[in-house]
Amino acid sequence: MTDVQALSGDALLSHTAALRSLYVDAFCAPPWNEDESRATEFTDRLLTDVRRPGFAAAVAVREGEPVGFATGWTTLDPFPGDRSYPQVVAALGARDTADWLMGAREIDTLVVSHAAHGTGVASSLLRTVVAGAPGGRSWLLTSAGAPRAVAFYRREGWAQVTHPSPDGKGIVVFLGPGHPGAALAAEPL
């Protein structure tokens, strides 16, 4: 049995070593193929992320060990200009970015160990971290090069509002099922 719990930032930080291990398991493998140094960057960044306004986190625990986690926070105004954020603005435009994303719960990370794939853990983590999103507004982005992730979010009822370039590269932005802008979203390809 897997138990999914919402955690405060400080409680989440008590699991940092396990979160790093889960991050490596998920993102150092295909299709992400990240270098293990990115896991260290993630855990370093987590120290600041847990202090963001609207921070939310969930951890899935099976037999006393974390098997997945999710984090998110409120996207502030002005819209960030680092990481993949400029790609979001380029894809959505400044107006939709402001209307749909600022003030919404941004899902930053959703990780499930390979051993827990297909067990419903990811769905539970996502629902838990989205619960209480301001006005039901939540959003996330993922890589177009991760078709399993894109298909998962579609199955969960998230509305795809951007489409990758013809070569299938870039990012894909989704609005959560409770987001008022989801009804305005373009149909998936």
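Visitor: What makes the crossing of helices H4 and H5 right-handed?

Guide: In this predicted model, the crossing of H4 and H5 is right-handed because the near helix is turned clockwise from the far one by less than a right angle (anticlockwise would be left-handed). Helices here are DSSP runs of H or I with at least four residues, and strands are runs of E with at least two, numbered from the N terminus.

Visitor: Why is H4 called roughly perpendicular to H5?

Guide: H4 (residues 85-92) packs against H5 (residues 94-101) at about 110°, and the axes are 6 Å apart. Since 65 to 115 degrees counts as roughly perpendicular, H4 and H5 are described that way. The angle is taken between N-to-C directions, from 0 to 180 degrees, with axes fitted to C-alpha atoms over the stretch in contact.

Visitor: Which residues make that contact?

Guide: Val88, Val89 and Leu92 come from H4, and Ala94, Asp96, Thr97, Trp100 and Leu101 from H5, where contact means heavy atoms within 4.5 Å. By class, six of these residues are nonpolar, one is polar and one is charged.

Visitor: What makes strand S2 largely enclosed?

Guide: Six of the seven residues of S2 (residues 56-62) are buried, so the rest of the structure largely encloses this strand. Buried means under 20% relative accessible area, exposed means over 50%, and partly exposed lies in between (1.4 Å probe, protein chains only).

Visitor: How do you know that S2 pairs with S1 and with S3?

Guide: Pairing requires at least two DSSP bridges between two strands. S1 (residues 2-7) and S2 have six, in the antiparallel sense, and aspartate 3 stands opposite valine 61 of S2. S2 and S3 (residues 65-74) have seven, also antiparallel; in S3, threonine 71 is the bridge partner of alanine 57.

Visitor: Why is glutamate 63 called exposed?

Guide: Its relative accessibility is 77%, so glutamate 63 counts as exposed. Glutamate 63 lies in the loop between S2 and S3 and has a positive phi of about 50° although it is not a glycine. Asparagine 33, likewise no glycine, has a positive phi of about 55°; its place is in the loop between H2 and H3.

Visitor: Where are proline 31 and proline 78, whose preceding peptide bonds are cis?

Guide: Proline 31 is in the loop between H2 (16-27) and H3 (37-49), and the bond from proline 30 has omega near 5°. Proline 78 is in the loop between S3 and H4, and the bond from aspartate 77 has omega near 10°.

Visitor: What are the ground rules for these values?

Guide: Residues are numbered from 1 along each chain as its sequence is written, and side-chain values use heavy atoms, leaving out hydrogens and water. Local features need pLDDT of at least 70 and side-chain atom pairs count only at pLDDT 80 or more, while totals for chains, interfaces and linings use all residues.

Methods: Angles under 35 degrees count as roughly parallel, over 145 as roughly antiparallel, 65 to 115 as roughly perpendicular and the rest as oblique. Ala, Val, Leu, Ile, Met, Phe, Trp, Tyr, Cys and Pro count as nonpolar, Asp, Glu, Lys and Arg as charged, and the others, Gly among them, as polar.
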